[in-house]
Amino acid sequence: MTRLKSLSTWCLVVAGAMVLALAAPAFGACLVGDSDCDGTLDAFDLCPGTVALELVDTTGCSVCPCDGPSAGVPWASHTAYVSCVTAVANQRYLSRLITLTQRTAVIKHAQYSTCGTTNIRCCTWSKLAYGSMGSCAVMAPANCSFPILRKWAENRGTGSCFYNPCSW
């Protein structure tokens with residue numbers, strides 16, 4: 001085990017970790033010591049359990065949280081939420097902090113989400129079979145039912161349908 005012999009060395013390690021957190025949001029691969037794979041090491045993560053494909057700041061908290069732009073204030077609309085995510089994703093792409101593929105995935109995640117609406121994710125299956133993949137759609141909770149859709153339906157709550165969360 002290597003010991004850090006001076007305060008300045010420790011400060012460099014901390015600064016390096018913070019730069020990595022800002023510059024390398026995790027998309028797929030996790031850093032060692034980053035349990036929620038958001039690109040911020042657990043030691044510095046003030047928001048553990050960040051949802052996949054969320055753009056986070058150096059503290060590990062979402063830049064455009066699904067609940068709203070600030071505590072207790074919901075998004076005016078789904079469009080307002082998607083606009084926030086798109087603006088941040090474009091800024092990070094132009095700054096070369098994320099790739100075009102990552103930018104596209106983040107924006108699709110926002111577009112196929114329930115953020116800024118009262119809708120939910122509804123998973124549907126033509127027939128129930130263990131291990132089967134259903135279809136995910138964002139809709140009003142009352143519409144997510146067998147009598148209306150004429151197929152098996154399950155309310156999966158809020159979130160995004162990108163990537164499809166409907167496996168049985």
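**Arg150 and the other positive phi angles**

I began with Arg150, which is exposed in this predicted model, its relative accessible area being 70%. I placed Arg150 in the loop between helix H4 (146–149) and E3, and I noted that its phi is near 60°, a positive value in a residue other than glycine.

I then turned to Leu53, which is not a glycine either and yet has a positive phi of about 70°. Leu53 sits in the loop between helix H1 (7–23) and H2. Is Leu53 buried or exposed? I read a relative accessibility of 13% for Leu53, and because the cut-off for buried is under 20%, Leu53 counts as buried.

I added Arg96 to these entries, since Arg96 follows H2 and has a positive phi, near 65°.

**Overall layout**

I looked up the secondary structure next and found 4 helices and 3 strands in the protein, which run α-α-α-β-β-α-β from the N terminus on. Of the 168 residues, 30% count as buried. Taking the contacts between residues at least 6 apart in sequence, I noted that 49% join residues at least 24 apart. The protein exposes about 10200 Å², and carbon and sulfur atoms supply 62% of that area.

**Helix H2**

I followed helix H2 through residues 78–94, which makes 17 residues, and its reach from the first C-alpha to the last is 24 Å, close to the 24 Å expected at 1.5 Å a residue. Which residues of H2 are buried? I listed Tyr81, Val82, Val85, Val88, Ala89 and Arg92 as buried in H2. Looking down the axis of H2, I found that these buried residues fall within an arc of 135°, so they line one face of the helix. I kept in mind that an α-helix has 3.6 residues a turn, so residues three or four places apart point the same way.

On the face of H2 turned away from its buried side I noted the exposed residues Thr79, Gln91 and Leu94. H3 is included in what covers the buried residues of H2.

**A nonpolar patch**

I met Leu94 again at the surface, where Tyr93, Leu94 and Leu100 make a nonpolar patch of about 310 Å². Leu100 belongs to helix H3 (residues 100–111), whereas Tyr93 and Leu94 lie within the range of H2 (residues 78–94). How accessible is Leu100? I read 45% relative accessibility for Leu100, and because partly exposed lies between the cut-offs of 20% and 50%, Leu100 counts as partly exposed.

**Thr114 and its contacts**

I went on to Thr114 in the loop between H3 and strand E1 (120–125), where Thr114 is buried with a relative accessible area of 3%. Which residues does Thr114 touch, not counting those up to four places away in sequence? I recorded Asn119, Ile120, Arg121, Val138, Gly157, Thr158 and Gly159 as its contacts. Ile120 and Arg121 fall within the range of strand E1 (120–125).

**A cis peptide bond**

My last entry concerns the peptide bond from Phe162 to Tyr163, which is cis, with omega near -10°. I placed Tyr163 in the segment after strand E3 (152–155).

Technical notes: Residues numbered from 1 in each chain as written. Predicted model: local features only at pLDDT ≥ 70, side-chain atom pairs only at ≥ 80, totals over all residues. Heavy atoms only, no water. Helix = DSSP H or I, 4+ residues; strand = E, 2+ residues; numbered from the N terminus. Buried < 20%, exposed > 50% of the residue type's maximum accessible area, 1.4 Å probe, protein only. Contact = heavy atoms within 4.5 Å. Areas by Shrake-Rupley, 256 points an atom, 1.4 Å probe, with all protein chains shown as cover. Patch = residues over 30% accessible without salt bridge, like charges linked within 9 Å, V, L, I, M, F, W, Y side chains within 5 Å. Salt bridge = Lys/Arg side-chain N within 4 Å of Asp/Glu carboxyl O. Expected span 1.5 Å × (residues − 1). Arc of directions from axis to C-beta.
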